[in-house]
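Grab a pencil and keep the 3D view open while you work. Try each exercise yourself before you read its solution.

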Amino acid sequence: MITLRGVRKDYGNEVSIGPVDLEIPRGGITALVGPNGAGKSTLLTMMGRLLSLDAGSIEIAGHDVTRTPSKRLATVVSILRQENHFVTRLTIRQLVALGRFPHSPGRLTPEDERDVSDAIDFVDLRELEHRYLDELSGGQRQRAYVAMVLAQDTEYVLLDEPLNNLDMRHSVQMMQHLRRAAEELGRTIVIVLHDINFAGHYADRICAVKDGQVVEFGTPDEVLTDEVLSRVFDTPVQMVDGPSGRLAVYY
């Protein structure tokens with residue numbers, strides 16, 4: 001479980017996040033949704049200890065993220081930020097191998113090499129594993145970064161807008177890979193999403209954030225309603241029945 005108690009982040013007199021109290025259960029996919037500037041990425045980044053807290057506490061699987069040694073925390077939770085400043089002369093395999101560093105710093109063991117191969121296979125990049133990152137499409141590169149996170153072999157995985165800059169096909173493929181990771185690998189995935197319909201179709205739980213506060217938390221059926229979405233996004237949203245479930249219409 002991920003537990004936030006009284007979490008707050010201040011950005012001056014006019015902008016702040018929290019205080020937030022939230023419990024994200026173990027297992028499945030939890031999607032963080034909300035308008036731009038709501039605080040979704042800030043909350044996720046604080047969970048991953050890439051941003052300090054101004055107040056409160058965050059625990060992941062019983063580990064206080066501000067006090068647990070980095071080496072230990074890196075075996076519990078992994079995070080992929082929205083901005084990935086990649087080194088162009090890394091191959092996919094070299095990038096994914098970085099995910100094993102918390103387990104085998106300096107030199108990969110045969111077991112590490114198997115884990116790297118498994119992660120690459122999981123996102124269907126085996127045929128490209130020796131290609132350099134700057135030779136890849138945006139979708140391929142994003143899958144490589146997700147493979148690196150999966151190779152870290154943590155139960156908890158935090159992803160900040162992994163669909164950013166992906167086209168429709170690659171977005172669907174990415175969400176299918178993450179759904180499989182939750183179901184087949186037993187990962188607990190927390191993901192920031194802008195697309196409400198992806199959240200409704202692939203997530204087990206949805207956390208709606210607005211003005212630095214968690215305003216709704218529940219199953220897609222509980223959160224994805226006309227009233228809740230219209231209030232969260234300050235624009236009329238209507239849920240309609242689609243061929244594969246309910247869809248949000250807002251254009």
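**Exercise 1.** Is Ile17 buried or exposed? Then work out which element holds Ile17 and how far Ile17 is from Thr42, in sequence and in space.

*Solution.* Before we start, keep in mind that you're looking at a predicted model.
- Step 1: The relative accessible area of Ile17 is 5%. The cut-off for buried is under 20%, so Ile17 counts as buried.
- Step 2: Ile17 belongs to strand β2.
- Step 3: Along the chain, 25 residues separate Ile17 from Thr42, yet their C-alpha atoms are 7.9 Å apart in space.

**Exercise 2.** Thr42 sits in helix α1, so let's stay there: how many of the residues of α1 are buried, and which ones are they?

*Solution.*
- Step 1: Find α1 at residues 40-47.
- Step 2: Count the buried ones, and you get 7 of 8, so call this helix mostly covered.
- Step 3: List them: Lys40, Thr42, Leu43, Leu44, Thr45, Met46 and Met47.
- Step 4: Look just past the end of α1, where Arg49 has a positive phi of about 60 degrees.

**Exercise 3.** Describe the sheet that contains β2. What is its strand order, and which strands stand at the edges?

*Solution.*
- Step 1: This open sheet has 4 strands, ordered β2-β1-β4-β5, and the pairing is antiparallel.
- Step 2: β2 (16-24) and β5 (63-64) each have a single partner strand, so they are the edges, and one side of each has no neighbour in the sheet.
- Step 3: Zoom in on one pair: β1 (residues 2-10) meets β2 through 6 bridges, in the antiparallel sense. Asp10 has Ser16 of β2 as its bridge partner.

**Exercise 4.** Now for the sheet with 6 strands: what is its order, and what kind of pairing does it have?

*Solution.*
- Step 1: Read off the order β6-β7-β8-β3-β9-β10; this open sheet has mixed pairing.
- Step 2: The edges are β6 (77-80) and β10 (213-218), because each has a single partner strand, leaving one side without a neighbour in the sheet.
- Step 3: On average, neighbouring strands here are turned by 15 degrees against each other, ignoring direction.
- Step 4: Check β7 (residues 156-160) against β8: they run parallel and share 5 bridges. Tyr156 stands opposite Thr188 of β8.

**Exercise 5.** How many residues of strand β3 are buried, and which strands does β3 pair with?

*Solution.*
- Step 1: In β3 (residues 28-33), 6 of the 6 residues are buried, so the rest of the structure largely encloses this strand.
- Step 2: Here's a handy rule: side chains in a regular strand alternate between the two faces of the sheet.
- Step 3: Sort the residues of β3 by direction. Gly28, Thr30 and Leu32 point one way, Ile29, Ala31 and Val33 point the other way, and all are buried.
- Step 4: Follow the bridges to β8 (residues 188-192): there are 5, and the strands run parallel. Thr30 is partnered by Val190 there.
- Step 5: Do likewise for β9 (residues 205-210), which runs parallel to β3 and is joined to it by 4 bridges. Ala31 is partnered by Ile206 there.

**Exercise 6.** How are β11 and β12 paired, and what joins them?

*Solution.*
- Step 1: β11 (residues 238-242) and β12 (residues 245-249) are antiparallel, with 5 bridges between them.
- Step 2: One bridge links Val240 to Leu247 of β12.
- Step 3: The connection from β11 to β12 is a hairpin through 2 residues.

**Exercise 7.** At roughly what angles does α5 cross α4 and α6?

*Solution.*
- Step 1: The axes of α4 (residues 110-122) and α5 (residues 138-151) come within 9 Å and cross at roughly 140 degrees. That makes the two helices oblique to each other, and their crossing is right-handed.
- Step 2: For α5 and α6 (residues 168-184), the axes come within 10 Å and the angle is roughly 15 degrees. These two are therefore roughly parallel, and this crossing is right-handed.

**Exercise 8.** Which rings do Arg89 and Arg180 sit over?

*Solution.*
- Step 1: Arg89 has its charged end over the ring of Tyr132, 3.8 Å from the ring's centre.
- Step 2: Arg180 lies over the face of Phe122, 4.0 Å from the ring centre.

Key:
Residues numbered from 1 in each chain as written. Predicted model: local features only at pLDDT ≥ 70, side-chain atom pairs only at ≥ 80, totals over all residues. Heavy atoms only, no water. Buried < 20%, exposed > 50% of the residue type's maximum accessible area, 1.4 Å probe, protein only. Lys NZ or Arg CZ within 6 Å of the ring centre and 35° of its normal. Pairing = 2+ DSSP bridges. Axes fitted to C-alpha atoms, helices over the stretch in contact; angles between N-to-C directions. Parallel < 35°, antiparallel > 145°, perpendicular 65-115°, else oblique. Left-handed = near helix turned anticlockwise from the far one by under 90°.
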